[in-house]
Amino acid sequence: MGRFVGHGELGASWLLEVSKDTLKRDPGMKKVCIIGTGQTEVGEHWDKSILHLAHEAVTSALLDAHVESVDALFVGNMLSGALSGQENLAAAVADFSGLRNIEAIKTEAACASGAAALRMGYTAVASGLHDRVLVLGVEKMTNTLGHDTTAALGMAADAVYETFQGVSFTALNALMMQRYVWQYDVPDTGLAGFSINAHRNGCHNPHAMFRHAITEEDYSRSRVISSPLCVLDSSPICDGAAAVVLCAAGSSSLSDGSRYVAPVTILGSAAATDTLAVHDRSDPLRLAAVELSTQQALAQAGAGLDNVDFLELHDAFSILGAMSLEAVGYAEPGTGWRYAMDGYIDIEGDLPVSTQGGLKSRGHPVGATGVYQAVEAVKQLQGLAGPNQVPNAALGMIQNIGGSGASVYTHILGI
């Protein structure tokens, strides 16, 4: 569905060539399906611990998949040690949720921890190591003081050359936004379209933290946090958990007669990295790891940008929304903000983005975000997205970013 207008190196001939090469290198990889999903509401869960949140999502996903056990558990989480005092989290979740005696591993890739866990689960099933696994993303962020939470989130940046110098993670994104606005002559409310779109979609998501619409006027009056970045440019501090059950195509788990909807297949899974510090990049406004992981995931899926019906991108800050559209290849550098303002990313637009509210409206419980994206993509592809349903959705891309673009995971999902 998306109109391809981006960088030349992402052209169709390049994708076709790499796709063939990928097929040659991985002839024995099994097809991986998502057969169950679960999620909690995103918000401030004062009455629930990180283990209670995890258990709620795990139980819901297992019930949805019509299974009682899995071979392994992969948990995406960034801050359990820093904010909840609980490391060895995967074993703790397995114990608390009645899944003892299985392999259980926590993955950490900053805000991309959830997608990193999804990739680990995908790899375990695709390789034949396991037949059925559960992937969980969980984060508990609201029980600590704001200063402590901000300091913990700063660990996603370069400890020596960024955070030690007093720069917060929010300030880093503000610096990128400031450069973008100056370099491309963007008006004061130019990036508002990403937040407006996210909130409009989040209104209809019962699991979203913010279920109210906003206007360009609301955005213009929003309090500045770190110039020019304001409150309505930013995703919230919050708690939440989401889970998916994966199995191999042909598995007995797919033959359950009580299943009413088709399983969703992970057609492509890719990961890439960039410099940890923004100042080490040749161009601070280029998300190179987004470019590379997009190319690899699409090639593995045998698809091009025009085949993607919707995109769940990492809009932790509105500037990342614009930069991601450009890095993926839908917009030329410096024009991503226009696509949001012109309706290109609306549900009815050429490329629906953040279809259930994204990180801005649904919320961004950092280590869980990548799995929330997977759950939401599954609902779209199964025609279960309610008022936010993208018509005839058959292929979706989900993308999760860790740090300021240092770790990026891209997955292509389809029916």
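**Fold, burial and charge pairing in the predicted model**

Of the 415 residues in the protein chain, 60% are buried. The model discussed here is a predicted one, and a helpful place to begin is its overall build. The secondary structure of the protein chain consists of 14 helices and eleven strands. Its C-alpha trace covers about 55 × 50 × 40 Å along the principal axes. The radius of gyration, 20 Å, agrees with the value near 22 Å that would belong to a compact globule with 415 residues. Among contacts with a separation of 6 or more, 79% involve residues 24 or more positions apart. Towards the outside, the protein chain exposes about 15,700 Å², and carbon and sulfur atoms supply 52% of that area.

Helix α4 offers a handy local view of burial. This helix comprises residues 89-96, and its buried members are Leu-89, Ala-90, Ala-92, Val-93 and Ala-94. What packs over these buried residues? The cover includes the helices α2 and α3 (80-84), together with the strands β2 (72-76), β3 (103-107) and β4 (132-139). An α-helix has 3.6 residues a turn, so residues three or four places apart point the same way. Within α4, Leu-89 and Val-93 are both among the buried residues, as are Ala-90 and Ala-94. After the helix comes Gly-98, which has a positive phi near 75 degrees.

The stretch around α4 also contributes a charge pair. Asp-95 and Arg-100 form a salt bridge, with 2.6 Å between the closest N and O atoms. Arg-100 is exposed because its relative accessible area, 58%, is over 50%. Asp-95, in contrast, counts as partly exposed at 42%.

Turning to the charges as a whole, the protein chain carries 24 positive and 43 negative side chains. The centres of these two sets lie 4 Å apart. Side chains of opposite charge can pair when their charged atoms come close. In this model, the count of salt bridges comes to eleven.

Which parts of the chain does the pair of Glu-41 and Arg-211 link? These two residues form a salt bridge whose closest N and O atoms are 3.0 Å apart. Glu-41 sits in the loop between β1 (32-39) and α2 (50-65), whereas Arg-211 belongs to the loop between α8 (192-202) and α9 (216-221). The pair thus links distant parts of the chain, 170 residues apart. Both partners are partly exposed, with a relative accessibility of 42% for Glu-41 and 39% for Arg-211.

A further salt bridge joins Asp-274 to Arg-281, with the closest N and O atoms 3.5 Å apart. Is Arg-281 buried or exposed? At 8% relative accessibility, Arg-281 counts as buried. Its partner Asp-274 is partly exposed, having a relative accessible area of 22%. Salt bridges with shared partners also bring Glu-217, Asp-218 and Arg-221 together in one network.

Finally, a glycine in a loop deserves a look. Gly-349 lies in the loop between α12 (336-341) and α13 (358-361). This glycine counts as buried because its relative accessibility, 15%, is under 20%. Its C-alpha atom is separated by 9.7 Å from that of Phe-310, a residue 39 positions away along the chain.

Conventions: Residues are numbered from 1 along each chain as its sequence is written. This is a predicted model: local features need pLDDT of at least 70, side-chain atom pairs count only at pLDDT 80 or more; totals for chains, interfaces and linings use all residues. Side-chain values use heavy atoms; hydrogens and water are left out. Helices (H or I, at least four residues) and strands (E, at least two) are DSSP runs, numbered from the N terminus. The radius of gyration is taken over C-alpha atoms; the globule rule is 2.2 Å times the number of residues to the power 0.38. Buried means under 20% relative accessible area, exposed over 50%, partly exposed in between (1.4 Å probe, protein chains only). Contact means heavy atoms within 4.5 Å. Accessible areas come from the Shrake-Rupley method with a 1.4 Å probe; for residues, only the protein chains shown count as cover. Lys and Arg count as positive and Asp and Glu as negative; His and the chain ends are not counted. The place of a charge is taken as NZ of Lys, CZ of Arg, CG of Asp or CD of Glu. A salt bridge is a side-chain nitrogen of Lys or Arg within 4 Å of a carboxyl oxygen of Asp or Glu.
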